[in-house]
Amino acid sequence: MVMAAIGPKAFIHLDRLRSNLWNIRRHIGERPLLCVVKANGYGHGAIPIAKAISREPGVHFAVFSLDEALELRKNSINNNILVFSRMQPEYIELAIINNLILNLSSLDDMVYLKSHFSRYGKCPRFHIKFDTGMTRLGVNISDAEPLLDKIASSEGIYPEGIYSHFATADEGGISYAEYQLSQFNSVLEMAKKYNIHFKYVHCSNSGSILNLPQSYFNMVRVGMLIYGVAPSKDVSMDIVVEPVMSFCGSIVELRRVPRGTQVSYGGIYSTKKETTIGVVQTGFADGFPRPWFQNGFVSYNGQDYKIAGRVCMDQLMVDFGDETPNIGDDVLFFGKKDLDHLPVESIAESIGSTTYVLLTAIKGRTKYILLKD
Ligand SMILES: Cc1ncc(COP(=O)(O)O)c(C=O)c1O
């Protein structure tokens, strides 16, 4: 039995994480998985998430910042780690020392690598990122030829991987993703002419794992799906996954109030009959999605109860009707725990947000509780 403190809690179901990983693996075949644990593991806790799967076969990690990568190394994560962010000259030595993989995303980065190699005779491991239509980080397709030419003729500069990122793979139509893929394939063809071989070629994300198998190449990048959440409502979930996080908060007070009682800031919620209002210790400062109060509810003992009035910074109120919950019990905000199931996907859709925003918002005083089975 897990004794949990009062307040916001993110229960992390590590067994589900591992079974999600295996279900994804069954779907994509024998390819290494580049598991994205940036932004504190999508709000789940990068270190416990990485530790839970680091020994699974073929697991590599990707993070955004160099600091995130160093934190994984400090915590004895020895898998390959790719850093997505823009390369900075000062990253090069740190990447070499810590065996990290950098991102070459512009012709300038090639200048940094060459000058480091000519001064110190060393080059970090790196993957080349091409921009095929996201218009974010990545070498322009029009610069592919000069870059590949420089790489082919530079001593000591060997790219280990090549990749790109889809802008719309989790939208309904896949035509733009197919266009990006054709751009990427044209660079791969060009690289062959220069006799440049890449150990790792990767293009997918959760959306394209579900709807674009041509994007798998010889490594599959995956974020949201390992956390057991759909990347969007527009892709069909052909892989069985379960939510790794159950976000909960505890009931700290109950009050029986008459009809017409105003609840919370602005007094916009007024009770329709005599009812029990519970105070739950979790607020928007802990990552609770504030706009959800308008149509929102929480789940308790398998029943949904309406959020009463505006969510406060540290607390929110719930209309329990004639139910008498126990003070100290948790209500579920999203996830799946015991009798309660409330998909984060449905909250994201209701408030016009995304699951990425809601999960990475978890913060503040939220305590992480790791559930091993
Ligand atoms: C470069 C890159 N690759 C892969 C991913 C993972 O995407 P998803 O969580 O949709 O699988 C991300 C996430 O934002 C990303 O920025």
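Biologist: In this predicted model, which residues are linked in a network of salt bridges?

Modeller: Arg256, Lys273, Glu274 and Asp322 form that network. The structure holds 14 salt bridges.

Biologist: What makes the contact of Arg86 with Asp109 a salt bridge?

Modeller: The closest N and O atoms of Arg86 and Asp109 are 2.7 Å apart, and the criterion is a side-chain nitrogen of Lys or Arg within 4 Å of a carboxyl oxygen of Asp or Glu; the pair therefore qualifies. Arg86 lies in the loop between strand E4 (81-83) and helix H5 (91-97), whereas Asp109 belongs to helix H6 (residues 107-120), so the bridge links distant parts of the chain, 23 residues apart.

Biologist: Why is Asp109 called buried?

Modeller: Asp109 has a relative accessible area of 0%. Buried means under 20%, so the term applies to Asp109. Arg86, at 27%, is partly exposed because its value falls between 20% and 50%.

Biologist: How do you know that Lys233 is exposed?

Modeller: Its relative accessible area is 58%. Exposed means over 50%, so Lys233 meets the condition. Its salt-bridge partner Asp234, with 3.5 Å from N to O, is partly exposed at 40%.

Biologist: Why does the pair of Tyr42 and the ligand count as a polar contact?

Modeller: A polar side-chain atom of Tyr42 lies 2.6 Å from an oxygen atom of the ligand. The limit for N or O atoms is 3.5 Å, so this pair counts. The protein buries 92% of the 390 Å² that the ligand exposes when taken alone.

Key:
Residues are numbered from 1 along each chain as its sequence is written. This is a predicted model: local features need pLDDT of at least 70, side-chain atom pairs count only at pLDDT 80 or more; totals for chains, interfaces and linings use all residues. Side-chain values use heavy atoms; hydrogens and water are left out. A polar contact is a pair of N or O atoms within 3.5 Å; within protein, one must be able to donate a hydrogen and the other to accept it, and residues adjacent in sequence count only if both atoms are side-chain atoms. Accessible areas come from the Shrake-Rupley method with a 1.4 Å probe; for residues, only the protein chains shown count as cover. Helices (H or I, at least four residues) and strands (E, at least two) are DSSP runs, numbered from the N terminus. Buried means under 20% relative accessible area, exposed over 50%, partly exposed in between (1.4 Å probe, protein chains only).
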